[in-house]
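I opened this notebook to keep track of what I looked up, entry by entry. The structure comes first, and my notes follow below.

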Amino acid sequence: LGANEATEIEFYQNVKIGNTKIKKGRYTLYSIPLAEKWTMIINKETDTWGAFKYDQTKDVARIEVPVQKQLEILEAFAMTFEKTSTGANLLMAWDDFKVALPISF
């Protein structure tokens, strides 16, 4: 999800992503981006450089999210949170597309 050190996320309480319950703590975020969907990966290995030492056995969750087209063109990759009635969406966008990872708490 970014250059250099792998992108991390920290949850300060237990959450649910997709159908998977995830305990509070710090995790690494990986993605497998395809044209129509992304596979988002939550992995318990942290402090890693890129995906060079990615270990699938340490995955906590894999969630597929659809790619959405947007009118606004973004020059640089951006990540932000959007509040929802059940928690938040982690929005990731670049160029004319975005994906939303729903997080419930």
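Before looking at the surface I wrote down what a patch is: patches are made of residues with over 30% relative accessible area and no salt bridge, and nonpolar side chains are joined within 5 Å. I also noted that this is a predicted model.

**Entry on the surface.** With that definition in hand, I looked up a nonpolar surface patch and found that F77, M79 and W94 make one of about 270 Å². I then followed W94, which is found in strand β8 and has a relative accessible area of 44%, so I entered W94 as partly exposed.

**Entry on the open sheet.** I next traced an open sheet of 4 strands, whose order is β3-β2-β8-β7 and whose pairing is antiparallel. At its edges stand β3 (20-22) and β7 (68-83), and because each has a single partner strand, one side of each is left without a neighbour in the sheet. On average, and with direction ignored, neighbouring strands of this sheet are turned by 35 degrees against each other. Within the sheet I checked strand β2 (residues 15-17) against strand β8 (residues 87-104), and I noted antiparallel pairing over 2 bridges. For I17, the bridge partner in β8 is I103.

**Entry on β1, β4 and β5.** I then turned to β4, which pairs with β1 in the antiparallel sense over 4 bridges; here E10 stands opposite R26 in β4. I also found β4 paired with strand β5 (residues 37-43), again in the antiparallel sense, over 6 bridges, with Y30 opposite I41 in β5. The connection from β4 to β5 is a hairpin, and it runs through 3 residues.

**Entry on aromatic rings.** How many aromatic pairs does a search of the whole structure find? I recorded 3 aromatic pairs. Among them I followed F11 and Y27, a tilted pair with 6.1 Å centre to centre and 45 degrees between the planes. F11 lies in strand β1 (residues 8-11) and Y27 in strand β4 (residues 25-33), so the pair ties together parts that are 16 residues apart in sequence.

Are the two rings' residues, F11 and Y27, buried or exposed? Since buried means under 20% relative accessible area, I counted F11 as buried at 8%, and I likewise entered Y27 as buried, with a relative accessible area of 9%.

Note on methods. Residues are numbered from 1 along each chain as its sequence is written. This is a predicted model: local features need pLDDT of at least 70, side-chain atom pairs count only at pLDDT 80 or more; totals for chains, interfaces and linings use all residues. Side-chain values use heavy atoms; hydrogens and water are left out. Rings of Phe, Tyr and Trp (its six-membered ring) pair if their centres lie within 6.5 Å; planes under 30 degrees apart count as stacked, over 60 as edge-to-face and the rest as tilted. Buried means under 20% relative accessible area, exposed over 50%, partly exposed in between (1.4 Å probe, protein chains only). Two strands pair if DSSP finds at least two bridges between them. Axes are lines fitted to C-alpha atoms, for helices over the stretch in contact, and angles run from 0 to 180 degrees between N-to-C directions. Patches are made of residues with over 30% relative accessible area and no salt bridge: like charges are joined within 9 Å, nonpolar side chains (Val, Leu, Ile, Met, Phe, Trp, Tyr) within 5 Å. Accessible areas come from the Shrake-Rupley method with a 1.4 Å probe; for residues, only the protein chains shown count as cover. A salt bridge is a side-chain nitrogen of Lys or Arg within 4 Å of a carboxyl oxygen of Asp or Glu.
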